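Me: I would like a close look at one part of this model, namely the charged side chains that pair with one another and the elements on which they sit. Please work through it step by step, and bring in the surroundings where they help to place the pairs.

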Amino acid sequence: NHEPPVFERMPRGLLLDFYVRPGARRRGLGGAMLGRMKEWFAGHGITRIEVMMYPGNPIASAFWRKQGFADYLHGLFLEVG
């Protein structure tokens with residue numbers, strides 16, 4: 001088990017890559033794609049969806065927040081060598 005004991009274990013889905021081309025944005029495509037994914041996750045007993053996104057991307061941040069997603073974890077990194 002690689003999770004700290006403070007996190008409750010539950011079935012969850014993780015979205016790492018999610019993209020709508022700029023020319024196709026603001027037409028409901030992202031929301032529709034997410035809706036299908038939510039249906040798929042729910043049909044497989046997955047009760048939580050987590051998203052990884054770059055915090056410096058205001059378009060992505062606005063989209064996810066509009067969809068009801070909230071802050072959960074903040075990742076850090078260090079380049080060595």
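Reply: A salt bridge is taken here as a side-chain nitrogen of Lys or Arg lying within 4 Å of a carboxyl oxygen of Asp or Glu. By that criterion the structure, which is a predicted model, holds four salt bridges. One of them is formed by the side chains of Arg12 and Glu50, with a distance of 3.8 Å from N to O. This pair links distant parts of the chain, since Arg12 belongs to strand 1 and Glu50 to strand 2, and the two are 38 residues apart.

The two partners are not covered to the same degree. Glu50 has a relative accessible area of 15% and is therefore buried, the limit for that class being under 20%. Arg12, by contrast, has a relative accessible area of 33%, so that it is partly exposed. The surroundings of Glu50 can be listed further: once the neighbours within four places in sequence are left aside, Glu50 is in contact with Arg12, Gly13, Leu14, Leu15 and Tyr72. Strand 1 runs over residues 12-15, and Glu50 itself is found in strand 2. The side chain of Glu50 is also joined to that of Arg48 by a polar contact of 3.0 Å.

A second pair to consider is Arg65 and Asp71, whose side chains meet in a salt bridge of 2.8 Å, N to O. Arg65 counts as partly exposed because its relative accessibility is 44%, whereas Asp71, at 54%, counts as exposed. Elsewhere, salt bridges that share partners join Arg12, Arg48 and Glu50 into one network.

Within helix 1 (29-43), the side chains of Glu39 and Arg36 form a salt bridge with an N to O distance of 3.9 Å. What separates these two residues is about one helical turn, because they are three residues apart in helix 1. In general, an α-helix has 3.6 residues a turn, so residues three or four places apart point the same way. Glu39 and Arg36 are both exposed, in contrast to Glu50, which is buried at 15% relative accessible area. Another residue of helix 1 is Met37, which counts as partly exposed because its relative accessibility is 26%. Not counting residues up to four places away in sequence, Met37 touches Leu15 and Phe18. The C-alpha atoms of Met37 and Gly13 are 9.5 Å apart in space, while the two residues are separated by 24 places in sequence.

Before helix 1, the loop that comes after strand 1 contains Arg26. Although Arg26 is not a glycine, its phi is positive, at about 65 degrees. Most residues other than glycine have a negative phi. Arg26 has a relative accessible area of 83%, so it is exposed.

Helix 2 completes the surroundings. Its buried residues are Ala60, Ser61 and Trp64. They lie on the same side of helix 2, because the arc they cover around the axis is only 100 degrees. Strand 1, helix 1 and strand 2 are among the elements that cover these buried residues, and the network of Arg12, Arg48 and Glu50 includes residues from two of those elements, with Arg12 in strand 1 and Glu50 in strand 2. On the face of helix 2 turned away from the buried side are the exposed residues Pro58, Ile59 and Lys66.

Both ends of helix 2 can be described as well. At the N-terminal end, Asn57 acts as a cap, with a side-chain oxygen 3.1 Å from the backbone nitrogen of Ile59. After the helix comes Gly68, whose phi is positive and near 100 degrees.

Between strand 2 (48-51) and helix 2 (58-66) runs a loop that contains Met52. Met52 counts as exposed, because its relative accessibility is 52%. Together with Leu14 and Leu16, Met52 forms a nonpolar patch on the surface, and the three have about 320 Å² of accessible area together. Leu14 thus appears in two settings, as a member of that patch and as one of the residues in contact with Glu50.

Terms used: Residues are numbered from 1 along each chain as its sequence is written. This is a predicted model: local features need pLDDT of at least 70, side-chain atom pairs count only at pLDDT 80 or more; totals for chains, interfaces and linings use all residues. Side-chain values use heavy atoms; hydrogens and water are left out. Patches are made of residues with over 30% relative accessible area and no salt bridge: like charges are joined within 9 Å, nonpolar side chains (Val, Leu, Ile, Met, Phe, Trp, Tyr) within 5 Å. Accessible areas come from the Shrake-Rupley method with a 1.4 Å probe; for residues, only the protein chains shown count as cover. Helices (H or I, at least four residues) and strands (E, at least two) are DSSP runs, numbered from the N terminus. Buried means under 20% relative accessible area, exposed over 50%, partly exposed in between (1.4 Å probe, protein chains only). The arc is that of the directions from the helix axis to the C-beta atoms. Contact means heavy atoms within 4.5 Å. A polar contact is a pair of N or O atoms within 3.5 Å; within protein, one must be able to donate a hydrogen and the other to accept it, and residues adjacent in sequence count only if both atoms are side-chain atoms.
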